[in-house]
Amino acid sequence: MDARNAKTRDNGAPNDPAGAARDTDVLVVGAGPTGLLLAGDLAEAGLGVTLLERRPGKISNLTRALAVHARTLEQLDARGLADELVAGGHPLGSLRLFGDAHLDASRLRSRFPFVLITPQFEVERLLERRARRAGVTFRYESEVLGLEQDAEGVTVRFRTPEGLGSLRAAYAVGTDGVRSAVREAIGLPFPGKSVIRSLVLADVRLAQEPDSPFTVNATGEAFALIGSFGDGWYRVIGWNRRHQTGDDAPVDLDEVREITRLALGSDYGMHDLRWISRFHSDERQVPEYRVGRVFLAGDAAHVHSPAGGQGMNTGLQDAANLSWKLAAVLRGHAADSLLDSYQTERHPVGRAVLRSSGALVRLALLHSAPGRLARTLAARLLERLRPLSDRAIRTISGLGIAYPAGPGAHRLAGHRAPDVRLADGSRLYEVLRQGRFVLITPSDELGSARPAHEPGGSRPAEDRTVTVHWHNARRTAVLVRPDGYVAWATDATAPAERARALRAALAHWTGAEPGDGGPISTALITPQGHAADRPAGR
């Protein structure tokens with residue numbers, strides 16, 4: 001996509017001259033979970049990153065997200081953050097749908113076979129700490145006014161309490177939420193509609209503790225959700241069919257109590273209201289996630305109903321998909337066209353989440369008695385038919401997401417790589433913490449290598465690829481992308497065929513050609529290769 005043909009909003013400031021010096025490599029706008037993960041990834045890749053945030057520099061506890069799904073936990077595990085987050089949250093082994101129907105998350109084939117109930121601000125706290133340690137520059141109280149882009153970069157203009165400012169970068173990413181200033185600046189529409197009006201959200205204490213840290217139910221007149229923060233405070237989200245008003249209508253604790261009694265049969269002795277708000281829920285998605293040198297991710301690109309708790313999770317996975325691609329392009333390992341795959345891969349995922357969360361919320365809002373009965377019967381049938389229930393929980397958890405792999409690709413290509421155990425005792429997602437591709441081969445290939453988690457534990461294109469071995473006798477060679485999806489695999493056993501396939505895969509995915517620091521020879525991928533045929537060095 002040519003930045004010179006991209007749509008921009010002209011607010012009177014001329015573009016920087018082509019080739020002008022950059023202030024940073026990437027500008028990220030919005031310090032929510034999506035922006036924090038993206039900025040941290042890029043900074044850990046050695047890039048200059050500036051994060052602009054309109055709010056003051058304090059993580060707010062007034063956030064809506066409560067659920068962290070298995071695929072997101074795997075992404076956090078690949079950044080060394082999952083275990084700490086899990087230790088402070090509430091793992092749930094099943095998701096309740098309607099009535100007595102549940103989806104069994106404990107059957108997920110993951111290190112995290114559960115839904116983690118934890119407040120969004122805990123996710124943000126860990127991601128912000130990581131981003132700061134990696135060297136991200138934070139600029140709070142910076143309100144984006146507009147941007148201009150050309151073939152060389154992007155200039156973002158903003159306002160601070162001290163006055164007006166601008167920064168220039170190679171690329172910019174808008175992770176600034178539903179009312180995205182970046183989305184407005186590049187002129188993208190946000191088509192869709194409101195699906196629920198007059199949702200009430202409150203933080204309260206309870207005199208009576210619910211049976212579960214995550215309690216949800218829907219009736220013909222109302223639905224309510226209560227989630228525990230783990231510190232004595234609870235988040236309540238509710239809706240009353242008979243009380244539909246605008247977002248600016250007054251709301252108080254008595255209204256929240258009434259909703260929970262209607263939906264859950266009890267208000268659990270709610271008291272000590274800390275915060276309360278009324279809002280509406282939209283289903284919207286931009287047609288393009290990329291316009292020239294500007295990208296959108298998270299709620300700036302797509303927003304859906306809270307059903308299924310997929311909003312924050314989808315945004316974090318957007319960031320994981322985009323970050324390694326930006327790093328590869330900016331470090332000269334890939335052409336700019338790689339960035340077009342962000343749209344190809346993530347836009348369909350956003351659309352699918354819109355559909356699945358929309359279906360759930362429409363089921364919750366069914367009013368007629370026959371409709372509610374059919375909903376309960378369908379939910380129980382889903383629970384009892386294991387293939388259907390497994391597919392449903394894999395969809396909601398994100399483990400079922402796969403990307404297009406192209407004609408002739410191996411059956412594993414495009415699919416999530418499970419967290420397999422490796423020959424040196426480490427796990428795949430521990431190795432992914434290095435932010436590089438991971439090549440997994442049989443233990444008798446590529447000679448003897450150092451443990452994958454140690455410096456020097458890689459062979460081909462050492463700044464881009466880590467080489468590790470299966471802990472068992474598996475013969476498939478697999479190249480895993482930095483975001484934990486399979487880029488390439490082969491079952492070929494003929495040495496020459498295997499060598500050609502691997503050389504082509506590394507050239508395509510990592511930019512490593514023979515002689516540029518990542519030479520691949522037949523000897524490297526055959527059990528009896530001679531040392532003289534291997535690259536010099538390690």
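## Worked exercises on a predicted model

Gly 192 touches Glu 283 and Arg 284, leaving aside residues up to four places away in sequence. Keep in mind throughout that this is a predicted model.

### Exercise 1: Placing Gly 192

Find the element that holds Gly 192, and decide whether Gly 192 is buried, partly exposed or exposed.

*Solution.* Start with the element: Gly 192 belongs to strand β12, which covers residues 192-206. Next, take the relative accessible area, which is 45% for Gly 192. Buried needs a value under 20% and exposed one over 50%, so Gly 192 is partly exposed. Finally, look along the sequence: Gly 192 and His 302 are 110 residues apart there, yet 9.7 Å apart in space, C-alpha to C-alpha.

### Exercise 2: Ala 185 for comparison

Repeat the steps for Ala 185, using its helix and its relative accessible area.

*Solution.* Ala 185 sits in helix α5, residues 181-185. With a relative accessible area of 2%, Ala 185 is under the 20% cut-off and therefore buried. For a spatial check, Val 144 is 41 residues from Ala 185 in sequence and 9.0 Å from Ala 185 in space, again C-alpha to C-alpha.

### Exercise 3: Two helix pairs

Classify the crossing of α1 with α4 and that of α2 with α7 by angle and handedness, then describe the residues in contact.

*Solution, first pair.* Helix α1 (residues 33-44) and helix α4 (residues 120-134) have axes that come within 8 Å and cross at roughly 25°. Angles under 35 degrees count as roughly parallel, so α1 is roughly parallel to α4. The handedness of the α1 and α4 crossing is left-handed. On the α1 side, the contact includes Pro 33, Leu 36 and Leu 37, and on the α4 side it includes Leu 127, Ala 131 and Ala 134. Sorted by class, the contact of α1 with α4 has 7 nonpolar, 2 polar and 5 charged residues.

*Solution, second pair.* The axes of helix α2 (residues 70-77) and helix α7 (residues 311-330) come within 9 Å, crossing at roughly 40°. That angle puts α2 and α7 in the oblique class, therefore they are oblique to each other. The crossing of α2 and α7 is left-handed. Arg 71, Thr 72 and Gln 75 of α2 meet Asn 313, Leu 316, Gln 317 and Ala 320 of α7. These residues of the α2 and α7 contact divide into 2 nonpolar, 4 polar and 1 charged.

### Exercise 4: Salt bridges

How many salt bridges does a search of the whole structure find? Work through the pairs of Arg 242, Arg 427 and Arg 464.

*Solution.* The general idea is that side chains of opposite charge can pair when their charged atoms come close. The search gives 37 salt bridges.

1. Arg 242 pairs with Glu 221 at 3.0 Å, N to O. Arg 242 lies in the loop between β15 and α6, and Glu 221 in the loop between β13 and β14, so the pair ties together parts that are 21 residues apart in sequence. Arg 242 itself is exposed, at 67% relative accessible area.
2. Arg 427 pairs with Glu 430 at 3.9 Å, N to O. Arg 427 counts as buried at 16% relative accessibility, whereas Glu 430 is partly exposed at 29%.
3. Arg 464 pairs with Asp 463 at 3.3 Å, N to O. Here Arg 464 counts as buried at 13%, and Asp 463 as partly exposed at 38%.

As a last step, place Arg 427 and Glu 430 in their setting: both belong to a network of salt bridges that also links Asp 77, Asp 83, Arg 111, Asp 419 and Arg 433.

### Exercise 5: Positive phi

Where do Glu 141 and Asp 272 lie, and what are their phi values?

*Solution.* Glu 141 has a positive phi of about 50° although it is not a glycine. Its place is the loop between β8 (137-139) and β9 (143-149), and Glu 141 is partly exposed at 39%. Asp 272, also not a glycine, has a positive phi near 50°. Asp 272 is in strand β16, residues 270-285, and is partly exposed at 46%.

### Exercise 6: The whole chain

Summarise the protein chain by its elements, its buried share and its contacts.

*Solution.* Count elements to begin: the chain has 12 helices and 23 strands. Then burial: 55% of its 538 residues are buried. Lastly, of the contacts between residues at least 6 apart in sequence, 71% join residues at least 24 apart.

Notes:
Residues are numbered from 1 along each chain as its sequence is written. This is a predicted model: local features need pLDDT of at least 70, side-chain atom pairs count only at pLDDT 80 or more; totals for chains, interfaces and linings use all residues. Side-chain values use heavy atoms; hydrogens and water are left out. Axes are lines fitted to C-alpha atoms, for helices over the stretch in contact, and angles run from 0 to 180 degrees between N-to-C directions. Helices (H or I, at least four residues) and strands (E, at least two) are DSSP runs, numbered from the N terminus. Angles under 35 degrees count as roughly parallel, over 145 as roughly antiparallel, 65 to 115 as roughly perpendicular and the rest as oblique. A crossing is left-handed if the near helix is turned anticlockwise from the far one by less than a right angle, and right-handed if clockwise. Contact means heavy atoms within 4.5 Å. Ala, Val, Leu, Ile, Met, Phe, Trp, Tyr, Cys and Pro count as nonpolar, Asp, Glu, Lys and Arg as charged, and the others, Gly among them, as polar. Buried means under 20% relative accessible area, exposed over 50%, partly exposed in between (1.4 Å probe, protein chains only). A salt bridge is a side-chain nitrogen of Lys or Arg within 4 Å of a carboxyl oxygen of Asp or Glu.
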